Amino acid sequence: MRIALLSALAALLVGFAVVPALSANTLNGEWNFVFQTPDGERRVPATLQVEGSEVSGKFAEVFTIKGNYADTKLDLTIAYIDERENLKGNLNIRGNLADGKLAGNWEFAGYTGTFQATRPK
């Protein structure tokens with residue numbers, strides 16, 4: 001009885017250990033971000049790559065993404081520069097991965113909002 005209980009517990013713990021790794025792998029690749037802003041929806045493509053807990057990639061094919069991913073939680077920083085609009089600063093994105101979608105909050109230059117990201121169809 002005790003051996004069966006320990007075996008079941010070990011299998012359960014191994015199962016939980018595998019889930020974050022699989023989730024990190026599902027984060028790799030292309031995403032379409034939709035930001036809710038004071039001026040309406042903004043759509044931006046991004047490519048994410050996870051190695052361990054570190055995230056890198058490209059945002060709008062131009063800006064470099066740096067961040068972390070652990071236990072379905074995503075924390076990204078994008079150094080954003082738009083010389084035409086005279087905008088410069090870090091776009092911070094924090095969210096969660098659930099059911100194949102990313103969702104959470106963003107902050108840039110005192111502005112805030114929500115976002116959702118899905119895979120391209």
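**An eight-stranded barrel, strand by strand**

In this predicted model, strand E1 (residues 29–37) and strand E2 (residues 40–51) run antiparallel and are joined by nine bridges. The chain passes from E1 to E2 through a hairpin of two residues. Within this pair of strands, valine 34 of the first strand has arginine 43 in E2 opposite. E2 in turn is joined by six bridges to strand E3 (residues 54–59), and these two strands also run antiparallel. Here valine 50 faces valine 55 in E3 as the residue opposite.

E1 has a second partner. Four bridges pair E1 with strand E8 (residues 111–118), again in the antiparallel sense. Phenylalanine 33 has alanine 117 in E8 as its bridge partner. The full order is E1-E2-E3-E4-E5-E6-E7-E8, a closed barrel of eight strands with antiparallel pairing. On average, neighbouring strands of this sheet are turned by 30 degrees against each other, direction ignored. In general, strands of a sheet pair through backbone hydrogen bonds, in either a parallel or an antiparallel way.

The protein chain as a whole contains one helix and eight strands. Along the sequence the pattern reads α-β-β-β-β-β-β-β-β, with the helix ahead of the strands. The chain has 121 residues, and 27% of them are buried. Of the contacts with a separation of 6 or more, 28% are between residues 24 or more positions apart.

What fills the largest nonpolar core? This core has 24 residues, and those with the most contacts inside it are Leu27, Phe33, Phe59, Ile93 and Leu102. At least two residues of the core come from each of E1, E2, E3, strand E4 (63–70), E5, strand E6 (87–98), strand E7 (101–108) and E8. E2 gives the most, with four residues. In a regular strand, side chains alternate between the two faces of the sheet.

Two residues show the contacts in more detail. Phenylalanine 59, setting aside neighbours within four places in sequence, is in contact with Phe35, Val44, Pro45, Ala46, Ile65, Ile78, Leu91 and Ile93. One of these, isoleucine 78, lies in strand E5. Isoleucine 78 has a relative accessible area of 0% and is therefore buried, the limit being under 20%. Not counting residues up to four places away in sequence, isoleucine 78 touches Phe59, Phe63, Thr64, Ile65, Gly89, Asn90, Leu91 and Ile93. The C-alpha atom of isoleucine 78 is 8.6 Å from that of glycine 67, a residue eleven places away along the chain.

Aromatic side chains form a further set of contacts. The structure holds eight aromatic pairs. In one of them, the ring centres of phenylalanine 33 and phenylalanine 115 are 5.5 Å apart and the planes stand at 35 degrees, so the pair is tilted. Because phenylalanine 33 lies in strand E1 and phenylalanine 115 in strand E8, the pair ties together parts that are 82 residues apart in sequence. Both rings belong to buried residues: phenylalanine 33 has a relative accessibility of 1%, and phenylalanine 115 has a relative accessible area of 4%.

Tyrosine 80 and phenylalanine 108 make another aromatic pair, with 5.5 Å from centre to centre and 80 degrees between the planes, an edge-to-face arrangement. This pair also links distant parts of the chain, since tyrosine 80 is in strand E5 and phenylalanine 108 is in strand E7, 28 residues apart. Is each of these two residues buried or partly exposed? Tyrosine 80, at a relative accessible area of 21%, is partly exposed, whereas phenylalanine 108, at 11% relative accessibility, counts as buried. Elsewhere, Phe33, Phe35, Phe59, Trp106 and Phe115 form one aromatic cluster. Phe33 and Phe59 of this cluster are also among the residues with the most contacts inside the largest nonpolar core.

A polar side chain is found in strand E5 (residues 73–82) as well, namely aspartate 82. Aspartate 82 has a relative accessible area of 12%, so it counts as buried. A polar atom of the aspartate 82 side chain lies 3.3 Å from the backbone nitrogen of glutamate 85.

Methods:
Residues numbered from 1 in each chain as written. Predicted model: local features only at pLDDT ≥ 70, side-chain atom pairs only at ≥ 80, totals over all residues. Heavy atoms only, no water. Buried < 20%, exposed > 50% of the residue type's maximum accessible area, 1.4 Å probe, protein only. Polar contact = N/O pair within 3.5 Å; in protein donor to acceptor, adjacent residues only side chain to side chain. Pairing = 2+ DSSP bridges. Axes fitted to C-alpha atoms, helices over the stretch in contact; angles between N-to-C directions. Core = buried A, V, L, I, M, F, W, Y, C linked by side-chain atoms within 4.5 Å. Contact = heavy atoms within 4.5 Å. Phe/Tyr/Trp six-rings, centres within 6.5 Å; stacked < 30°, edge-to-face > 60°.
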